[in-house]
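I opened the notebook to look up cores, pockets, ring pairs and a few loop residues. The entries follow in the order I took them.

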Amino acid sequence: FGTVYGPGQTRGALTDYIRKLSAGEQAAIYGDGSKTRDYIYVSDIVSASLSALEIPDSHPNPLFNVATERETTLLALYGMIARHLNVQPKPNMCEDRPGEQTKCRLSCAKFRELTGWLPQVELEQGLMRTIPAFLESGWE
């Protein structure tokens, strides 16, 4: 799976950004903000998992990527979340952490060709669902 997000998530950069920005604080971004992730909304993971049930047990190579095939920088994600919360994005830029993945974009071509599955939820839509759920739940 790509970087899964959605209501109920409590860990990761995305929820840290929501938590901090909604509290009137700024969150940390490690490095220059150019690291990318392939964010995929949880309902797309569910639909892909259901589609995977149709793949025959006899498939010769049953390993597949499930993602959106789109890279989003951490800085862009931060800006989107800030915009949804009506907050000025001024992240605390911190020294990069060694060993972190710098780029992530997965190809789903093999899975798509076999099942016809495509992700349905764009990142902006997913954030519009995730942010209010986070705020309403009071997750810490």
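Helices (H or I, at least four residues) and strands (E, at least two) are DSSP runs, and I number them from the N terminus. With that in hand I placed Glu69 in the loop between helix H2 (42-52) and E5. I note at the outset that this is a predicted model.

**Entry: Glu69**

I checked the backbone of Glu69. Its phi is positive, about 65°, although Glu69 is not a glycine. Then I asked how open the residue is. Glu69 has a relative accessible area of 26%, so I log it as partly exposed, since that class runs between the 20% and 50% limits.

**Entry: Leu106**

I met Glu69 again among the contacts of Leu106. Leu106 lies in the loop between strand E6 (92-94) and helix H4 (109-115). What does Leu106 touch, not counting residues up to four places away in sequence? I found Phe1, Gly2, Asp38, Asn65, Ala67 and Glu69. I also took one C-alpha distance here. Leu106 and Asn65 are 41 residues apart along the chain, and their C-alpha atoms are separated by 6.4 Å.

**Entry: the largest nonpolar core**

I turned to the interior. The largest nonpolar core has 21 residues. Which of them touch the most other members? My list reads Leu14, Tyr17, Leu77, Ile81 and Leu127. I then sorted the core by element. Helix H1 (13-22), strand E4 (39-41), helix H3 (74-84) and helix H5 (123-137) each supply at least two of its residues. H3 gives the most, with six residues.

Apart from this core I found another, of nine residues. Ala48, Ala67, Cys108 and Phe111 are among them. Ala67 I had already noted as a contact of Leu106.

**Entry: Tyr17**

I followed Tyr17 on its own. I left aside its neighbours within four places in sequence. Tyr17 is then in contact with Ala27, Ala28, Ile29, Leu74, Leu77, Tyr78 and Ile81.

**Entry: helix H3**

Which residues of H3 are buried? I listed Leu74, Leu77, Tyr78, Gly79, Met80, Ile81 and Ala82. Against what do they pack? I recorded H1, E2, strand E3 (36-37), E4, strand E5 (72-73) and H5.

I then stepped past the end of the helix. H3 is followed by Asn86. Asn86 lies in the loop between H3 and E6. It has a positive phi of about 55° although it is not a glycine. Is Asn86 buried or exposed? At 73% relative accessibility, I count Asn86 as exposed, because the limit for that class is over 50%.

**Entry: Asp32**

I looked next at the loop between E2 and E3, where Asp32 lies. Asp32 has 54% relative accessibility, so it too counts as exposed. Leaving aside neighbours within four places in sequence, I found Asp32 in contact with Leu75 and Met93. The C-alpha atoms of Asp32 and Asp96 are separated by 7.6 Å, with their positions 64 residues apart along the chain counted as the separation.

**Entry: the largest pocket**

I went on to the pockets. The largest has a volume of about 290 Å³. Of its 17 lining residues, I find Gly12, Ala13, Tyr17, Leu74 and Arg97 closest to the centre. Tyr17 thus turns up in the pocket lining and in the largest core. The elements that give two or more residues to the lining are H1 and strand E2 (28-30). H1 supplies the largest share, four residues. By class I noted eight nonpolar, three polar and six charged residues.

**Entry: the second largest pocket**

The second largest pocket holds about 190 Å³ of space. What lines it? I wrote down Asp38, Tyr39, Thr68, Arg70, Thr72, Pro119, Gln120, Val121, Glu122 and Leu123. Four residues of this lining are nonpolar, three polar and three charged.

**Entry: aromatic pairs**

I closed with the rings. How many aromatic pairs does the structure hold? I noted five. I examined Tyr5 and Tyr41. Their ring centres are 5.4 Å apart and their planes stand at 70°, so I class the pair as edge-to-face. The pair links distant parts of the chain, with Tyr5 in strand E1 (residues 3-5) and Tyr41 in strand E4, 36 residues apart. Both Tyr5 and Tyr41 are buried. Ring pairs link Tyr5, Tyr39 and Tyr41 into a cluster. Tyr39 was already in my notes, in the lining of the second largest pocket.

Definitions and conventions
Residues numbered from 1 in each chain as written. Predicted model: local features only at pLDDT ≥ 70, side-chain atom pairs only at ≥ 80, totals over all residues. Heavy atoms only, no water. Core = buried A, V, L, I, M, F, W, Y, C linked by side-chain atoms within 4.5 Å. Buried < 20%, exposed > 50% of the residue type's maximum accessible area, 1.4 Å probe, protein only. Contact = heavy atoms within 4.5 Å. 1 Å grid on protein atoms, 1.4 Å probe; cavity = no way out; pocket = protein on both sides within 12 Å on 5 of 7 lines; lining within 4 Å. Points joined across faces, edges and corners; volume = space filled by probe spheres on them. Nonpolar A, V, L, I, M, F, W, Y, C, P; charged D, E, K, R; others polar. Phe/Tyr/Trp six-rings, centres within 6.5 Å; stacked < 30°, edge-to-face > 60°.
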